[in-house]
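Trainee: Got a minute? I'd like to walk through how this one packs inside.
Mentor: Sure, let's open it up.

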Amino acid sequence: MTLPRPRGPAVVLLLAAAGGCGGPLEPSVGEDRRAVTGGALEPGSPAVGAIVPVAPTCGEAEDASPVICSGTLVAPRVVLTAAHCVEDAGAPQVLSVVFAPEVALASPAERVRTVAGRLHPDWSAGENDIGALILAEDAPVAPVRLDLSALPPGILGRTTRVVGFGIDDEGQTGSRRSGAARVTAVEAGTFTIAAEPGMSCGGDSGGPIFLKDGGDERLIGVISFGDPECTTGTNTRVDAHAAFLQAILDEAPPPARPPVDPAVDACAVPCEVHADCPAAMACAPRPGGGKSCAAAGLEAGRFGEACSGPGGERLCVKAGEECRLWLPCAGGRTEEAGCAVTRGRGGAGGKSAKATLAALLALAAYLRCRRLRREHRATREVHGHGPGSAFPSRP
């Protein structure tokens, strides 16, 4: 744990910047993340995983994705995290949870895709910041038992253990770390901790707070937000949301989503939620209204011809086992890189500039996360939370 960082959006299952052409690149609600500072590498706690976006473009290594949040496996396919780490409906992006001490060294078996998200129905900035990600398959590690009984009495002043993959004292992310922090205040739905000397910070949002209870460790809270200096943190109480969490644990696993079929014109197939789309695709707004499935993180579109790299003005994206050009649903306008652009007088130079801008927009979510990591390494301020916002705008 250590430096602060922005948190993440929330709603149904993934996360990123807005998907449509011309839409905002940042979530409308703030974001903040956190990481463990003043802590140490944590080779144990295998149920604590790193939440990372899945890059849609071919040639993008899985281990290149930045950590946006942390979470804890509490059932074979359920990862407990912060609500702001789940997803924003207007920001479709596929997520994976990495169950390895070092994200960059994780094997394919230790990276598990998410297929759905569960957001607390009353979540708002700083309130009820709790949710879950549903995995496509059983995780490769054993879950932590989730005790939903009331907090033990007299926890004020006691020491807790904070775990996460956020920024460390060197400004790096992607390593599971833990540290000790002291409980300083307890409210109806949250509790506050102070560094002793460990503390959550940028990238740790959604991670667990453990407390020794009768000789065993118990997960009592989910990292939510904190101060810019990463010296104090506010966490959502697990016991205060027992009914919400139990309902998730009691759910049957969602049905398997079909694989991507590049031959299907995705622009012609409407969707309402991500679950309506093939695996590794998300439901995104179409130009002119409505929604259809998209390569995660990009605007609504269809697969074009096979490719091995960027095709001039268009992105080369993953289409199952293949790589295909991505053609936005342009609604009658000229299809360019990641946005539908009306062809004007700009000539080749204007066309090139538009293509460059479109590509940047299409990859906004990924680049944004990487930028935040660099900024926090340089400034080491603005303590925060998970994938998408800076409190109080959004944990």
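Trainee: How many residues does the largest nonpolar core have?
Mentor: It has 44 residues. Keep in mind that this is a predicted model. Leu80, Phe99, Leu135, Val238 and Leu245 have the most contacts inside that core.

Trainee: Which elements give two or more residues to this core?
Mentor: Strands E4 (48-53), E5 (69-75), E6 (78-81), E7 (95-98), E8 (111-119), E9 (131-135) and E14 (216-226), plus helix H1 (242-250).

Trainee: Take Leu135. What does Leu135 touch?
Mentor: Leaving out residues up to four places away in sequence, its contacts include Leu73, Val79, Val97, Phe99, Val112 and Val115. Pro76, Arg77, Arg113 and Thr114 are also touched by Leu135.

Trainee: What lies apart from the largest core?
Mentor: Another core, of 19 residues. Ala266, Cys283, Ala284 and Ala295 are among them.

Trainee: Back to the helix. Which residues are buried in H1?
Mentor: Phe244, Leu245 and Ile248. Viewed down the axis of H1, the buried residues fall within an arc of 90°, so they line one face of the helix.

Trainee: And on the other side of H1, which residues are exposed?
Mentor: Ala243 and Asp250 are exposed there.

Trainee: What do the buried residues of H1 pack against?
Mentor: Against E6, E8 and E9.

Trainee: Now strands. In what sense do E7 and E8 pair?
Mentor: Antiparallel, over 3 bridges. Val98 has Arg111 in E8 as its bridge partner.

Trainee: Over how many bridges do E8 and E9 pair?
Mentor: Over 5 bridges, in the antiparallel sense. There, Gly117 has Leu133 in E9 as its bridge partner.

Terms used
Residues are numbered from 1 along each chain as its sequence is written. This is a predicted model: local features need pLDDT of at least 70, side-chain atom pairs count only at pLDDT 80 or more; totals for chains, interfaces and linings use all residues. Side-chain values use heavy atoms; hydrogens and water are left out. A nonpolar core is a set of buried Ala, Val, Leu, Ile, Met, Phe, Trp, Tyr and Cys residues joined through side-chain atoms within 4.5 Å. Buried means under 20% relative accessible area, exposed over 50%, partly exposed in between (1.4 Å probe, protein chains only). Helices (H or I, at least four residues) and strands (E, at least two) are DSSP runs, numbered from the N terminus. Contact means heavy atoms within 4.5 Å. The arc is that of the directions from the helix axis to the C-beta atoms. Two strands pair if DSSP finds at least two bridges between them.
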